[in-house]
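Ready to practise reading a protein model? Have a look at the picture, then work through the exercises with their solutions.

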Amino acid sequence: MRLDSHCVEILVLDFGSQYTQLIARRLREYGVYTEIVPYFEKLESIKAKNPKGIILSGGPASVYEEGAYKPDSRVFELGISVLGICYGMQYIAHFFGGSVVRAEAQEFGKAVLEIADSSVELFKGVKQDSIVWMSHADKVESLPSGFVELAKSGNTHYCAIADFTRQVYALQFHPEVVHSECGGEILKNFAVGICGADTSWNMRNFAEAEIVKLREKVLGDSKVLCAVSGGVDSSVVATLLYRAIGENLIPVFVDTGLLRKGEREAVEAMFRENLKVPLIVADARELFLGRLKGVTDPEKKRKIIGETFIEVFEAEAKKHNTKGEIKFLAQGTLYPDVIESVSVKGPSKTIKSHHNVGGLPEWMKFELIEPLRELFKDEVRALGRELGMPESMLMRHPFPGPGLAIRIMGEVNSEDLELLKEADSVFIEELHKWGLYDSVWQAFCVLLNVRSVGVMGDNRTYDNTICVRAVEAMDGMTASFSHLPHAFLESVSNRIINEVAGINRVVYDITSKPPGTIEWE
């Protein structure tokens, strides 16, 4: 199966919700190939993709405001079913003549779904009183002609509506997030039960299609410079590219000095022994640390690291590009990086910048290749399995591109880096020892640069504080802090304080995402 436009089963029009890609991800889990386009996609383009159904996503705007986001209204005339979610529902109600107003109180969080008619295809197999996730400040006050109420909640009268004649459905809640108990079933019911979507898409198809596309893109003697961090994402990209173009791949690993303890050695061994891919190592530790000296602002750190990272790659490219063969730069960018950095396909809000997002500066004459740009972490791991990569590599926790620099509050210097590396090494070692590593999605330490008084060996200390962070998540878009055993946390605390000179206090972060982010900076 090729993943060309004729294969699109469900097309999502993005109105800027932070959750939009989760819609596609949920449907892909059911084997339904789903693509996302901006809400203003031209009707001709939508027709060319020939989807079996359309979903209108949520978004931050209000339909009654001047300049509100509006798709081409002719999408309702294509003869296919349409599902609106949150803002998508409000747009549907407003467009067809209903009333949408500001809610008396904004509704964020869990609600209980009361289904009026469980025989409706949309709610097939969905249990009564299931939990759904609300995130809205507006509400539908009155229904358009032809629409009926399908469900309500304690705070929202019109929780789900439909016009069966027009094949238009709408939900006020977000079925795409994991907090909605039966959300996946509802999306599947729409895509498969109502739209008749095909369910044969999987990571094997993606891998086969992506290898073909990469071969077609990288023609002849053209070479690809691949940014390798040693993490899952860039390792999968390198493996995928090596399968596609072989020796025309130039994988480069940059030692920024911001890596975990033993990271460089582990990456070199992994590529040499497991992947059998030749790896070039660029030592840029002094350069990165020099440029970060005196910098405390998190965004400035990220930008400095990103710019320096690209600069090092340009210098490395010149060494291996004497005849101008290198035409492309490959990166392991994932969708959570993209959606938090830029409005890629719709008007979503920027949360923070990522060093490997946003294209290349004009002075760097390489075309960017990001084969994982539309995938989530669990999908990348599934792709890695299809490529035959070892499980030990695939199940490594995510590690941010800026590295330990965003896990040190304030200025980054060699002394603080060593403190953090040692503490983090103890934490990860204990997770493995207790059999907890695979039960958390991501775990790490943060050096707070907050000093406090302690007592060690009858002596007063005034040393630094380490924060231990562990979260459970599906894809990193949302996360809950891990409920690690107190005995385990006590063991970690004792080891860090006893083994890492300069640390006399350990705290545990119990903040979920939202309201916090997983990383501290």
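## Exercises on a predicted model

**Exercise 1.** Start with Arg495: which residues does it touch, and is it buried or exposed?

*Solution.* Leaving out residues up to four places away in sequence, Arg495 touches Val426, Glu429, Glu430 and Val500. Next, find its place: Arg495 sits in helix H14, which covers residues 486-499. Now check the accessibility. This is a predicted model, and the relative accessible area of Arg495 comes out at 18%. Buried means under 20%, so Arg495 counts as buried.

**Exercise 2.** Compare Ser229 and Ser234: where does each one lie, and is each buried or partly exposed?

*Solution.* Step one is location. Ser229 is in the loop between strand E11 (223-228) and H6, while Ser234 is in helix H6 itself. Step two is accessibility. Ser234 has 4% relative accessibility, so it counts as buried. Ser229 has a relative accessible area of 37%, so it's partly exposed. Step three is neighbours, skipping those within four places in sequence for Ser229: its contacts are Ser234, Phe253, Glu263 and Val267. One more detail: the Ser229 side chain reaches the backbone nitrogen of Gly231 at 3.1 Å. Both serines also turn up in an unreviewed UniProt entry, where the annotation "binding site" covers residues including Ser229 and Ser234.

**Exercise 3.** Describe how helices H6 and H7 pack: at what angle do they cross, and which residues meet?

*Solution.* First, the geometry. The axes of H6 (residues 232-245) and H7 (residues 263-275) come within 12 Å and cross at roughly 35°. The crossing is right-handed. Then look at who meets whom: from H6 you get Ser235, Ala238 and Thr239, and from H7 Met270, Phe271 and Leu275. Sort that contact by class and you find four nonpolar, two polar and no charged residues.

**Exercise 4.** Hunt for backbone oddities: which non-glycine residues have a positive phi, and where are the cis peptide bonds?

*Solution.* Start with the usual picture: most residues other than glycine have a negative phi, and most peptide bonds are trans. Now look for exceptions. Asp129 has a positive phi of about 65° and sits in the loop between E6 (114-115) and E7 (131-142). Asn449 has one of about 55°, in the loop between E16 (442-447) and E17 (452-456). For the peptide bonds, go to the segment after strand E20 (503-508), where Pro514 lies. The bond from Lys513 to Pro514 is cis, with omega near -15°. The bond joining Pro514 and Pro515 is cis too, with omega about 15°.

Technical notes: Residues are numbered from 1 along each chain as its sequence is written. This is a predicted model: local features need pLDDT of at least 70, side-chain atom pairs count only at pLDDT 80 or more; totals for chains, interfaces and linings use all residues. Side-chain values use heavy atoms; hydrogens and water are left out. Axes are lines fitted to C-alpha atoms, for helices over the stretch in contact, and angles run from 0 to 180 degrees between N-to-C directions. Helices (H or I, at least four residues) and strands (E, at least two) are DSSP runs, numbered from the N terminus. A crossing is left-handed if the near helix is turned anticlockwise from the far one by less than a right angle, and right-handed if clockwise. Contact means heavy atoms within 4.5 Å. Ala, Val, Leu, Ile, Met, Phe, Trp, Tyr, Cys and Pro count as nonpolar, Asp, Glu, Lys and Arg as charged, and the others, Gly among them, as polar. UniProt positions are given in the numbering used here, feature names are shortened, and annotations may be inferred rather than shown by experiment. Buried means under 20% relative accessible area, exposed over 50%, partly exposed in between (1.4 Å probe, protein chains only). A polar contact is a pair of N or O atoms within 3.5 Å; within protein, one must be able to donate a hydrogen and the other to accept it, and residues adjacent in sequence count only if both atoms are side-chain atoms.
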